[in-house]
Protein chains: 4
Amino acid sequence: MRIGKQDQPYTAICTSDAESITVRGRDLCEDIIGKFDFSSYFWLLVTGEEPNEDQSFFLNAVLCALAEHGLVPSVVAARMTLAAAPEAVQGAVAAGLLGCGSVVLGSAEIAGKFYHDCVTDQRASGDAVDMVARRKIAEWRAHTKAVPGFGHPQHSEGDPRANLLLKLADERGVSGEHVAMMRALQAALPEAIGRALPVNVNGPIPAIMLDLGWPLAALKGIGLLCRTGGLIGHLTEEAERPIGFVMSGAAAGAISYDGE
Amino acid sequence: MRIGKQDQPYTAICTSDAESITVRGRDLCEDIIGKFDFSSYFWLLVTGEEPNEDQSFFLNAVLCALAEHGLVPSVVAARMTLAAAPEAVQGAVAAGLLGCGSVVLGSAEIAGKFYHDCVTDQRASGDAVDMVARRKIAEWRAHTKAVPGFGHPQHSEGDPRANLLLKLADERGVSGEHVAMMRALQAALPEAIGRALPVNVNGPIPAIMLDLGWPLAALKGIGLLCRTGGLIGHLTEEAERPIGFVMSGAAAGAISYDGE
Amino acid sequence: MRIGKQDQPYTAICTSDAESITVRGRDLCEDIIGKFDFSSYFWLLVTGEEPNEDQSFFLNAVLCALAEHGLVPSVVAARMTLAAAPEAVQGAVAAGLLGCGSVVLGSAEIAGKFYHDCVTDQRASGDAVDMVARRKIAEWRAHTKAVPGFGHPQHSEGDPRANLLLKLADERGVSGEHVAMMRALQAALPEAIGRALPVNVNGPIPAIMLDLGWPLAALKGIGLLCRTGGLIGHLTEEAERPIGFVMSGAAAGAISYDGE
Amino acid sequence: MRIGKQDQPYTAICTSDAESITVRGRDLCEDIIGKFDFSSYFWLLVTGEEPNEDQSFFLNAVLCALAEHGLVPSVVAARMTLAAAPEAVQGAVAAGLLGCGSVVLGSAEIAGKFYHDCVTDQRASGDAVDMVARRKIAEWRAHTKAVPGFGHPQHSEGDPRANLLLKLADERGVSGEHVAMMRALQAALPEAIGRALPVNVNGPIPAIMLDLGWPLAALKGIGLLCRTGGLIGHLTEEAERPIGFVMSGAAAGAISYDGE
């Protein structure tokens, strides 16, 4: 990467001429097409580095874990949008992605920033992990109620995706500082909030991906990419078996007018 | 799939309860996470079937071929949008996808519909492939100038991605009726338009994918998914080395005011 | 306007320097702010001309007629999007606008193009208006079932907005060729489709606006502008009295899983 | 408005039956169409109250002041998007709005929140306005450099729109606590930051609108509505005199590849 001021007009991602396309310093046709799976190429695009076997395995695993969870709000919005504007599939995908915000899909990013902050504090202070966890939860709860990565409205006994991802991370030996901190935070919950909570999928995903070297700034991109895949599945079904207007009718029917 | 009228309120994609998530009839945690690569899971989400080895290989190959081609208009729009609204990465991705329309990324879909129509005609008429190709090009050019899948503004001597994908399809024995029709259309071009043209990437992608059984209705979804990956690469770079406002300044500077 | 090829890099809308902003040849501060109502300024922005009194009156009237009709699909999608991504109001507005497509809000544009085509035919052929109407309906129904501008799922006895706008147009003497053609089309319906249908709001709006000189290419912009106003009303309410997740729950609850 | 918990499934904006449409307790056809200008209707939609003459005058004035400022990033993004996806005008408008974020159009909202906070502090403390201004600037600059509402990259000697809006507010006697606080903040700048700065358009707009009773939560909606009008002007021009691809070419041409 060049050293220089922020506004230097450079990109390090891609260039092309009449005969070839160069991506991250590699020839797209010689080195990538037919040799990379798409997730590994996504790792290269985002980080500039080729993933190792574990990085590739877990990026695929978390993309599969988050891509689809039924008729969540973003899917509902996307299918309604396609019903109303079938000429533009890209518009329906965009409408769905616009609902992947801080409340719904942003939790993994928020959790990742919090765990990263806890790990940074632990490295700087040298304090024991469980002490840091207790201290950071107290700080966090001074401004926000829910500690990110724990509890799930539907999977109240534990999110099966979260448990599986942690098991895989332990088995393959990739669990590191961020996973350890996530577990210390979980262990500190009963004292801090009065009850234990299971991890949800937004805990292990950032913890494992940060331990594997995925950039914090690109955590949200994982959810956005795989949800795009889920949305395209739903929009293909919507084109064949439409339910968009049935759903908007049911939504409107649940609300009453109370204007004067 | 259920038989029933179009508006039957059903989805066949996903359901969940407190303990498990079921996708396309499979248990997400037992059967998919850690076992599927993301592209193969995308195939399952869209079609309801698990891909075979060739289907998975070529879906990965075309996703890699289309994900990134430098500072194309949708990437420029997305990076400007992030510069102006850094609080919402999802908005910048959405802005980029909205530029994946009929002119820019829609060509693969348009080509796919045309090749599918040609193959359908050939099956119905029993005419020779090259005769059908000549007839359908004449019909097509009655309303539209460019025959989709041929010629490229930059790669005028041939698009290296297109040539590689065709070579791989031939080597692995997956080239079928749609690839044959695409080649017959290409062979008919000199007589029809007065000159030969090389295939571009939007010819082999739909031809190969249709030969492999990918649904016509989901052709556009391939481009939308992989461009999302490319956009996230660019937006991660934009957050670290911003060029969005430099680019919007250069864009505005290229235009003069000629109002009265 | 300059004469020149399409890609001449000019804009006639706005330029500015350190002291002033010039819009459509007028000084924004001297000539517009405090002197124009916003709708009249919108007319100037789109057409380059200041509206006369009738043009301004009816643009305001149709913007008011179309801005709000309760929890229609685009409003439902926008409110769900704000609930999921409260950090980006612009994203929720965008999600709502993406559902203003060919099926939902595009009818006014489709009707406008059809009426314009009928009027052009009538001018060229010199045939009687009712003869043209019968001929064009027959042509139209060769490819599309519903004749645009007539019938409404809810307002089956007549759309009160449509009737009022026509009454105002007649009273103020602005009804011209397009309104006459719309009425001739309506009169021809019983013979053509076997029953009479009332006009809906998407008939008079394009007919009156085209009679007043509004450009065909900007018809869709009327709906997009005023729906933005309606969306902002709903999103302000959503921020205070949220119903987005209640609606997405009701929508999902209306659908059953029928995967294998 | 109903008293009740947040998630009560009610809306106070609109209801309709076969014969009529009721908006904010008024009959759309009897009371609004042909009687309200669109800006006044927008005030009613957002607040539930009809505007008085000053409220209507200034809402129109600020909508005109903000609608258009040439080829700003959101306009550039929207025109590129239409060039690439001409089938969906709504997508191009959406892409433009997605760039109306915290950096570009959000300043009016940020300034409004800051001025509102200053006025709240002044009311609570009873301290003199200039003392509160000095104190709040010091607090603000502990976390953010630029004080919102002052300075402009292009209009360095003063933003003509800002000066005009303030003059109109003084003349019509609507300047109140928020305008006074904005002026006190401006007066405190030389001591706080070492130099005087002129007000820009994002100072008076929130100050005047808050003094007139416009809700803080809907400040951003003003910019989003009027920019939609500006975008539609540009997109109508783009359809006739395209510059979208010229601009994306110029943008990409300003950037070099520096990957390894």
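Which residue forms a salt bridge with K113(A), and how far apart are the closest N and O atoms? E109(A) does, with the closest N and O atoms 3.8 Å apart; the views below start from this pair. The structure is a predicted model, in which local features need pLDDT of at least 70 and side-chain atom pairs count only at pLDDT 80 or more, while totals for chains, interfaces and linings use all residues. Residues are numbered from 1 along each chain as its sequence is written, chains are lettered from A and ligands numbered from 1 in the order in which they are written, and side-chain values use heavy atoms, with hydrogens and water left out.

**View 1. A salt bridge within helix α6 of chain A.** K113(A) and E109(A) sit 4 residues apart in helix α6 (residues 107-125), which is about one turn of the helix. Here a salt bridge is a side-chain nitrogen of Lys or Arg within 4 Å of a carboxyl oxygen of Asp or Glu. By this rule, the count over all chains is 64 salt bridges. Helices (H or I, at least four residues) and strands (E, at least two) are DSSP runs, numbered from the N terminus.

**View 2. The contact between chain B and chain A.** Here 79 residues of chain B meet 79 residues of chain A, with contact meaning heavy atoms within 4.5 Å. The two chains bury about 6700 Å² between them, and carbon and sulfur atoms give 70% of this area. Buried area is the accessible area (1.4 Å probe) that two parts lose on being put together, summed over both. Look for F38(B), Q90(B) and R241(B): they supply 11% of the area that chain B buries against chain A, more than any other three residues. Between these chains the count is 0 salt bridges, alongside 8 residue pairs in polar contact (both at pLDDT 80 or more). A polar contact is a pair of N or O atoms within 3.5 Å; within protein, one must be able to donate a hydrogen and the other to accept it, and residues adjacent in sequence count only if both atoms are side-chain atoms. Helix α11 (residues 219-240) of chain B gives the largest share of the side that touches chain A, 14 residues. That side of chain B divides into 44 nonpolar, 23 polar and 12 charged residues. In this grouping, Ala, Val, Leu, Ile, Met, Phe, Trp, Tyr, Cys and Pro count as nonpolar, Asp, Glu, Lys and Arg as charged, and the others, Gly among them, as polar.

**View 3. The axis relating chain B and chain A.** Chain B superposes on chain A by a rotation of 180° with 0.0 Å of shift along its axis (RMSD 0.0 Å). That is the relation of a two-fold axis. In chain B, the C-alpha of A94(B) is the one nearest the axis, 2.3 Å from it. Both copies use the same surface, as 100% of the contact residues of chain B recur in chain A. Copies are superposed by least squares on the C-alpha atoms of residues with pLDDT of at least 70 in both.

**View 4. The contact between chain A and chain C.** Each side brings its share to this contact: 33 residues from chain A and 33 residues from chain C. About 2500 Å² is buried between the two chains, 72% of it from carbon and sulfur atoms. A84(A), L98(A) and I255(A) supply 20% of the area that chain A buries against chain C, more than any other three residues. The rule finds 2 salt bridges across this interface. In one salt bridge, R241(A) joins D258(C), with the closest N and O atoms 2.9 Å apart. There are also 8 residue pairs in polar contact (both at pLDDT 80 or more). On the side of chain A that touches chain C, the elements giving two or more residues are α4 (73-84), α5 (89-98) and α12 (244-253). By class, that side has 23 nonpolar, 6 polar and 4 charged residues. A rotation of 180° with 0.0 Å of shift along its axis superposes chain A on chain C (RMSD 0.0 Å). The copies meet through the same surface, because 100% of the interface residues of chain A are also interface residues in chain C.

**View 5. An open sheet in chain A.** Its 3 strands run in the order β2-β3-β4, with antiparallel pairing. At the edges stand β2 (14-16) and β4 (26-27) of chain A, each with a single partner strand, so one side of each is left without a neighbour in the sheet. β2(A) pairs with strand β3 (residues 21-23) of chain A over 3 bridges, and S16(A) has I21(A) in β3(A) as its bridge partner. Two strands pair if DSSP finds at least two bridges between them.
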